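Hi,

Here is the structure I promised to pass on. Have a look at it first, and then read my notes below.

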Amino acid sequence: MAQTLRPPLIAGNWKMNPATADEAETLAKDVMAGVGPAADVHVAIAPAFVHLQRIDLVLDGSPIGLAAQNMHWMPSGAYTGEISAAMLQDAGCTHVILGHSERRHGLGETDADVNRKLHAALAAKLIPIVCVGETRAEREADHTRDVVATQLEGSLAGLEADLAPGVVIAYEPVWAIGTGLNATPEQAQEVHAFIRAKLSERLGAATAARVVVLYGGSVKPDNALELLGQADVDGALVGGASLKAADFLAIIAAARTAAAHKRGAAR
Ligand code: PEP
């Protein structure tokens, strides 16, 4: 079967940064200026909730997607402090990050929570970016595959094959997030291939081949090309380096180069 070429996606997770809407606007404008009108690499940025509407105005007319960092699964009601999928859509979001390890491990989010959010996001036509990944202790105990398989199974329960290509998976080893210790390209490729094999078992090979799987964990301009050059690494979820426009743009440029190599290899 011909190799499926997946459009690369580089997503910037700004987390609880920057402090002001003015700084967020400046960062978004700098990224936008560097990305230009090109749509060969898909790009999304995930500012804090309170900055979403302002950044949506900034991004008007740009191909850059707007992502939220979380959402609640209920459509409305008495859920103090929560944000619904409809609210995100109304604020201009195209994507939503679900099950980030800082929420799983810091705030007790479970696979069942992520799964409810996944279905609510899809119903609202948001593209979910579902994060999975093992802790350092789990990797050292050789449990990476079990952990990732369990998270995938729980987070994607009930996902129909026709909707699966609209879901993005982000493999983010917890030990690599914000630590400066990225997975090696070989470690990333091994887990990405495993994820695709699991998706294939559940959804069929043709569908699995269309699912974009990002790597996240200390992606920087100097390691991006090697990581993104791996066959099953379709892009990156970038934390720290997405807060500097020049670094984020260099990672986008690396994705463009890696995609060109993959296209060349597929010919
Ligand atoms: C993240 O928060 O998703 C992430 C990958 O962070 P960093 O790039 O800073 O490791």
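Which polar backbone atom is 2.7 Å from an oxygen atom of the ligand? It belongs to glycine 178. That pair is a polar contact, meaning two N or O atoms within 3.5 Å; within protein, one must be able to donate a hydrogen and the other to accept it, and residues adjacent in sequence count only if both atoms are side-chain atoms.

Before going on, a word on the source: this is a predicted model, where local features need pLDDT of at least 70, side-chain atom pairs count only at pLDDT 80 or more, and totals for chains, interfaces and linings use all residues. Residues are numbered from 1 along each chain as its sequence is written, and side-chain values use heavy atoms, with hydrogens and water left out.

Back to the ligand. A polar backbone atom of serine 218 also sits 2.7 Å from a ligand oxygen. With histidine 100, the partner is an N or O atom in the side chain, 2.9 Å from an oxygen of the ligand. On its own the ligand has 290 Å² of accessible area, and the protein covers 98% of that (Shrake-Rupley method, 1.4 Å probe; for residues, only the protein chains shown count as cover). There are 14 residues around the ligand, and Lys15, Glu172, Gly178, Ser218 and Gly239 come nearest (near means a heavy atom within 4 Å).

What about disulfides? The count is zero, going by cysteine sulfur atoms within 2.5 Å of each other. Cysteine 93 has none because its closest cysteine sulfur, in cysteine 131, is 15 Å away, too far for a bond.

Cheers
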